[in-house]
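Please look through the structure below slowly, and keep it in view while reading the paragraphs that follow. They move from one residue to the wider picture and back to small details.

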Amino acid sequence: MRFFDPHIHMTSRTTDDLEAMSKAGVRAIIEPAFWLGQPRTNVGTFVDYWSSLVGWERFRAAQFGVAHYCAMGLNSKEANDEGLAREVLAELPRFAFKEGVVAIGEIGYDEITKAEEKAYQWQLEFAAQHDMVVMVHSPHRDKKNGIRRSIAVAKECGVSMSKLVIDHNNEETVQDVLDAGAWAAFTIYPHTKMGSERMVEIVRQYGPARIIVDSSADWGVSDPLSVPKTAHLMLERGIAAEAVELTTWQNALDAYGQSGQIDKEALLRTPSIDQRQLFHQNSVLRGQAPRIDEVVPNN
Amino acid sequence: MSSTREYLLRCLEPHLDARAHEWLVSACAECEALPHQPEVRFPTLISLASRKVPAKPLAPTLAQRATAHELVSGWNPERWTVLEAVRAVLVLSRAHLAGPQGVAILDEVFRHADIGELCALYKTLQLLPDNARFTWRAGEGCRSSMSAVYEAAACDTGFPYARFDDVAWRQLIVKALFVGAPLHRVYGLDGRLDEELARIVLDFVEERRSAQRGIVPATWACLGRNGGARARASLLTELSTDHAAGRAGALLGLARAGYTDDFKAYAARGDSDPLVQQALGRALAARPTQDDYAPLFGL
Ligand SMILES: [Zn+2]
């Protein structure tokens, strides 16, 4: 099977992860700009981080046959440093139109402060003005209310519901998101919050339409194989193959494909890996033999 | 208006539909009217190009390739894409690029560039007025760990040959061996071989042999007539390996260095490998050039 993980922070992951993802059938990923675990102190580090999302990280993923797309934005946590946030937002337009940028994201609320709302609104208006998809991070505390407000503010700012993806949903929030006409993404966290088992029941209850599974794997305890693992569990538990395909591949492709930045035909072709062409002595291949024309497994 | 810009526009003609062409004309007009200091619109137009024109090959005809080399010594647009050509046209249209702020204007674009933009910009450096100003920048490209970026800066351009000092030039060549880049496409290789480069390359060969690792055939293109007895011994050692492309590369190396007796003695030993036969045939006809290493690339 092939999988699309539309929310993963590869900056924090190793080549072992990329290799395992590639083997498990993860063909395409989206890396949304996020915070790095501690607040940044100047705009230059944002610029270099965004650059790496359209540069080095894309290059690194390609070496394992994984197509790397990204979303650009100022996250909610760092929006609270208002002076810095102003400078960061001024730089955002430079990166929003780069090749492979499929959305503005991940943006939204964390503590639901005034400063967060200001940055969120600014970015929603920017997205609406340029007809872009928006990836919304929903708060971990006061989630239900936070999601309702995220949707309402997005509407006010002129974002079309077909271009709005609300992430980190659970059983309590999914109905609101689906009712609004937006896409409902679910992050599968090992140990806590949403696990694969709960995801199976959600797809059973709500069906596969506009539901997306992702890993949000980052620098914390998380699993870059969440999407394929959940897909296999769904099949095991009797969810129809088409529903599995929709929630772990096609829906993400349809939602983010609206950006015009995903070459769907190229993605459907069987990828092959040629590290001899791509690798660099200073980069990721150190001494081991390059993998040449090794076809990425598709089943 | 520069002749290289005119040339690129002619190459682009068959590739741009009316809409893309119209966009390019208006974007060029904008570039021509931009102020003398760095600003945000120019980099934005360079980015936007990816959303306006196709990323397919430029595919210049043989005659067009010959013209390119006449316009700018060493320039081979054979592997350029339409998008790269469009970006080059935008750069060549940028007002004040020839002025005292020219480097700052282009630095601003480089600082925020994604992989595709970097490749286009590095390929364009050779076309710029008074391009010695961009020598440091071109050197940065040749330090890149992204192979596509390295190739854009180092291959199919006469810029390094004409502008790099000896240290930068040798670093470029040795790096090509490290990363397995197509050294035969480094313009002017045969014209800038020296004793110091031979020493570095022969040291590198010894390191590889100690680690029991293979040697890229293009290594033997770096010696020319340099390296003396040490080079000859190293070439002869390669002839006793079971790496056919390496033997072929070493035979070309012996012929290039003028060790005709060694070369003929080996021919008499009856190595029937097709790569070796091809190299022997080539070397018997004339002194081999860097181009003769093309069939050995990647082997
Ligand atoms: Zn995230």
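**A walk through the predicted model**

B:Ser93 has a relative accessible area of 5%, and because buried means under 20% relative accessible area, this residue counts as buried. The model in which we find B:Ser93 is a predicted one, and the residue itself belongs to helix α5 of chain B, which covers residues 82–93. When residues up to four places away in sequence are left aside, B:Ser93 touches B:Arg5, B:Cys28, B:Cys31 and B:Glu32.

Staying in chain B, we can turn to charged side chains that meet one another. Over all chains, a search of the whole structure finds 42 salt bridges, and a few of those in chain B can be followed one by one. In one of them B:Arg65 pairs with B:Glu78, with the closest N and O atoms 3.5 Å apart. This pair links distant parts of the chain, since B:Arg65 sits in helix α4 (residues 62–71) of chain B while B:Glu78 sits in the loop between α4 and α5 of chain B, 13 residues apart. Are these two residues buried or exposed, or something in between? B:Arg65 has 25% relative accessibility and counts as partly exposed, and B:Glu78, at 32% relative accessibility, also counts as partly exposed.

A second salt bridge joins the side chains of B:Arg185 and B:Asp156, at 2.8 Å from N to O. Here again the pair links distant parts of the chain, with B:Arg185 in the loop between α11 (166–179) and α12 (195–210) of chain B, and B:Asp156 in the loop between α9 (147–154) and α10 (159–163) of chain B, 29 residues apart. Both B:Arg185 and B:Asp156 are buried.

In a further salt bridge, B:Asp194 meets B:Arg170, and their closest N and O atoms are 3.2 Å apart. B:Asp194 lies in the loop between α11 and α12 of chain B and B:Arg170 in helix α11 of chain B, 24 residues apart, so that this pair too links distant parts of the chain. B:Asp194 is partly exposed, with a relative accessible area of 22%, whereas B:Arg170 counts as buried at 15% relative accessibility. Through shared partners, salt bridges join B:Arg65, B:Glu78, B:Arg79, B:Glu151, B:Asp156 and B:Arg185 into one network.

From here we can cross to the other chain by way of the interface. In the contact between the two chains, 24 residues of chain A meet 27 residues of chain B, and together the chains bury about 2,200 Å², 50% of it on carbon and sulfur atoms. How many salt bridges are counted between chain A and chain B? The count is two, and in a salt bridge between the chains the side chains of A:Lys98 and B:Glu117 come together at 2.6 Å, N to O. The elements that give two or more residues to the side of chain A that touches chain B are α2 (43–53), α3 (56–62), α5 (82–96) and α13 (275–278) of chain A. Of that side, the largest share, four residues, comes from α5(A), and by class the side has 10 nonpolar, nine polar and five charged residues.

Chain A as a whole has 13 helices and 10 strands, and buried residues make up 60% of its 299 residues. Among contacts in chain A between residues at least 6 apart in sequence, 72% join residues at least 24 apart.

Chain A also supplies protein donors to a zinc ion, namely A:His7 (NE2), A:His9 (NE2) and A:Glu106 (OE), which lie 2.0 to 2.2 Å from the ion. Two of these donors link distant parts of the chain, with A:His7 in the loop between β1 (3–5) and α1 (15–24) of chain A and A:Glu106 in strand β4 (residues 101–108) of chain A, 99 residues apart. Both A:His7 and A:Glu106 are buried.

Finally, the backbone deserves a look. Most residues other than glycine have a negative phi, and most peptide bonds are trans. Against that background, the peptide bond from A:Gly105 to A:Glu106 is cis, with omega near -15°. A:Asp131, in the loop between α6 (114–129) and β5 (134–137) of chain A, has a positive phi near 55°. A:His168, which is not a glycine, has a positive phi of about 60°, and this residue is placed in the loop between β6 (164–167) and α8 (174–180) of chain A. A:His168 is buried, with a relative accessible area of 5%.

Technical notes:
Residues are numbered from 1 along each chain as its sequence is written. Chains are lettered from A and ligands numbered from 1 in the order in which they are written. This is a predicted model: local features need pLDDT of at least 70, side-chain atom pairs count only at pLDDT 80 or more; totals for chains, interfaces and linings use all residues. Side-chain values use heavy atoms; hydrogens and water are left out. Donors are N, O and S atoms within 2.8 Å of the metal (3.2 Å for Na, K and Ca); water is not among the atoms, so sites may look incomplete. Buried means under 20% relative accessible area, exposed over 50%, partly exposed in between (1.4 Å probe, protein chains only). Contact means heavy atoms within 4.5 Å. Buried area is the accessible area (1.4 Å probe) that two parts lose on being put together, summed over both. A salt bridge is a side-chain nitrogen of Lys or Arg within 4 Å of a carboxyl oxygen of Asp or Glu. Ala, Val, Leu, Ile, Met, Phe, Trp, Tyr, Cys and Pro count as nonpolar, Asp, Glu, Lys and Arg as charged, and the others, Gly among them, as polar.
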